[in-house]
Amino acid sequence: MTRASVRRGSAPRPSRPEEEEETEGGGRLRFVKSPTTWLLGILLAVVTVTFQDVLTASVKAILPLDRVPDRLSPQGAIDVVDIKDVKDFGYYVVRDGEGADDGKLRDRIASGQPWREGRDVVDAGDADWMITVQGRASQQVRITDIVPVLEGGACEKPLGGSLAHFPSQGVSDVIPLELVVDAPRPRLETYGKDGKDGKDGKDGKDAKPFFTGPEAKHITLNQNETEAFIVHATAETGYCRWRYRVHYEIGGTTAEMTISGPGGRPFELTARLADPSGYRKAYFPGLDCAQSGSWSPDTWYEQTGPEYARARSGGKVPPCPKA
């Protein structure tokens, strides 16, 4: 064996690529498993979450509601939960045309079953609508005004058709809000506690604006809070269709929304015809006429419009017609 061969044999053997990878990987693994590395990761996560919470709170305190991305804008601050026709007595007009079915209308009404289904029926003279709204925003909503907006800007002439009358069998509850929809400037009003005269115990003399004037009131809604109010609307001269424009304030910002009737249609109400002979038919129960001897208030009668007008022309309660 020569010296050269000895030197060559004694030299360090070059490492293989597989061994280099194991060495580097082992170093990285030892670093990941290091307690110091885990501690630094936990501290970094806590600092990040805390910073996000502080930043979000600061933004909510400074910016108005509509500038905070995870909150509703002012335009979505109020939700209309329910709109319901709660009128249970008074006059109704069944418009002429398909669905009027006058031949069976009296029997349907007398049966006590729902009689308005499949017919084009409009409240006549007055209407009672209960509207329920809910606050959706995290901040309090303050309703400052509710204004009726007439379709087409004005009412039309009263509707004809057939008239049905359901007289009251008792004293109705006090209606908190009143609306003369065919007045020159319709607005929501409220009555004082001392109103004693006139229809429903009110003569209109003590009626005051609800949202405006020296005694103006407002409606407030907190988040998820609901408020229901009934509007008693009357019409004396025309047929009116309208929607309500609601003005409100939230977080120092003013906004508006529109309330429509069921199905997104306008609210509608018609005045009664000054001359009842203009109706094709009239339907009314025994409570609406006088009959000698034994009689049932649940019996319903039918007359033509001219017959109905002649019977009531004297201003007194007419005798019940022959069934």
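How much space lies in the second largest pocket? In this predicted model, the second largest pocket holds about 320 Å³ of space, and the views below begin with that pocket before turning to the pairing of strands.

**View 1. The second largest pocket and the residues that line it.** The lining of this pocket is made up of 15 residues, and those lying nearest its centre are Val121, Trp129, Arg265, Pro266 and Glu268. When the lining residues are sorted by class, 8 are charged, 6 are nonpolar and 1 is polar. Strand 3, which covers residues 121–124, and strand 14 each supply at least two residues of the lining. Of these elements, strand 3 gives the most, with 3 residues.

**View 2. Strand 12 paired with strand 5.** Strand 5, formed by residues 141–150, lies in antiparallel pairing with strand 12, formed by residues 239–250, and the two are connected over 8 bridges. As one place to look for this pairing, the reader can find Arg142, whose bridge partner in strand 12 is Glu249.

**View 3. The hairpin of strands 12 and 13.** Strand 13, which spans residues 253–259, pairs with strand 12 in the antiparallel sense, and 7 bridges are found between them. The two strands form a hairpin in which 2 residues stand between them, and in the turn Gly251 has a positive phi of about 55°. Beside this turn in the sequence, Ile250 has Thr253 of strand 13 as its bridge partner.

**View 4. Strand 12 paired with strand 14.** Strand 14, made of residues 267–270, runs antiparallel to strand 12, to which it is joined by 4 bridges. Within this pairing, Cys240 has Leu269 of strand 14 as its bridge partner. Strand 14 also appears in the first view, where it supplies at least two residues of the lining of the second largest pocket.

**View 5. Strand 11 with its antiparallel partner, strand 4, and its parallel partner, strand 7.** Strand 4, which covers residues 126–135, and strand 11, which covers residues 226–234, run antiparallel and are joined by 9 bridges. Strand 7, formed by residues 177–180, instead pairs with strand 11 in the parallel sense, over 4 bridges. Which residue of strand 11 stands opposite Asp126? That residue is Thr234, and Thr234 is also the bridge partner of Val180.

Conventions. Residues numbered from 1 in each chain as written. Predicted model: local features only at pLDDT ≥ 70, side-chain atom pairs only at ≥ 80, totals over all residues. Heavy atoms only, no water. Pairing = 2+ DSSP bridges. 1 Å grid on protein atoms, 1.4 Å probe; cavity = no way out; pocket = protein on both sides within 12 Å on 5 of 7 lines; lining within 4 Å. Points joined across faces, edges and corners; volume = space filled by probe spheres on them. Nonpolar A, V, L, I, M, F, W, Y, C, P; charged D, E, K, R; others polar.
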